[in-house]
Amino acid sequence: MTSIPILFEDGEALVINKPAGLPVDRPKRGGPCLNDHLDELKLGFQRRPVPVHRLDTDTSGCLLLARNPKALKRFNKAFEDRLVGKTYLAIIDTAPAETSGTIALSLSKISSAEKGWRMIAAKKGKPAISHWELIETIGEGAKVRSLIRFRPETGRTHQLRVHSLLGLGAPLLGDPVYGPVRGQNKGAPRTMLHAETFTVERGNKPAITAVAPFPEDFLRAGLTAPTPPEIGQERPAAEPQHEADG
């Protein structure tokens, strides 16, 4: 048994359910990270598995690991060739004007001594496209809360966090960087973003598919676990998701 839940396993891949709060890479200040668990995730293999992409520390859910160098190379190419599909679930404290749509806002990184670094919408930034749909809205008046499903078509740093803020008009619940007050969580102990489903095509081999269970803290926030989309119907995500930590 491992301390990290495994959603998919075969000879060349693992998909794990990354816990919220566990960074993929070692923080500069030190502390626990996914690397501490890679030995137990060898599962009898000689090599430690290697993360193919990244998720923010706060983001829970599907994360692909390659179990050998050849597989890592193939998976990286699958991202480049748009053979990877993903969906994410997110909570926002507003009701969108529409029930679905596409957000296309190019993103660029900025940095300042006072605010640190963050991503902003910029015409000369890298293209970023996110499809979204409204799954559920609860509450009324000033106390409205919505569950959103995102299908990113690109994998830019903090893409869904910025697209939510600028495209849907509200930051993700709990986001300390793009929320109303930097450095303070709003209404949740973490940024409420969950990598719900993951699929990657492998030519003649069966596709890698995984669904991460609806998180407990999403339930505590009042939302209902939705039926996951049919695996393989996700819009493709281009390039590895390098969602660096904020």
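Proline 189 counts as exposed in this predicted model, because its relative accessibility of 72% lies over the 50% cut-off. Proline 189 sits in the loop that links helix H2 to strand E11 (193–202). Leucine 173 lies 16 residues away from proline 189 in sequence, and the C-alpha atoms of the two residues are 9.1 Å apart in space.

Helix H2, which precedes this loop, spans residues 159–168. Seven of its 10 residues are buried, so the helix is largely enclosed by the rest of the structure. A look along H2 shows where the buried positions fall: Gln159, Leu160, Arg161, Val162, His163 and Ser164 are buried, and Leu168 joins them. Directly after the helix comes glycine 169, whose phi is positive, at about 85°.

Histidine 37 offers another loop position to consider. The residue belongs to the loop between strand E2 (13–18) and strand E3 (50–51). Its relative accessibility is 18%, and histidine 37 therefore counts as buried, the cut-off being under 20%. Once residues up to four places away in sequence are set aside, histidine 37 touches Ser3, Ile4 and Leu22. With serine 3 there is also a polar contact, made side chain to side chain at 3.1 Å.

Taken together, the two loop residues give a friendly contrast for anyone browsing the model: proline 189 is exposed, whereas histidine 37 is buried.

Methods:
Residues numbered from 1 in each chain as written. Predicted model: local features only at pLDDT ≥ 70, side-chain atom pairs only at ≥ 80, totals over all residues. Heavy atoms only, no water. Helix = DSSP H or I, 4+ residues; strand = E, 2+ residues; numbered from the N terminus. Buried < 20%, exposed > 50% of the residue type's maximum accessible area, 1.4 Å probe, protein only. Polar contact = N/O pair within 3.5 Å; in protein donor to acceptor, adjacent residues only side chain to side chain. Contact = heavy atoms within 4.5 Å.
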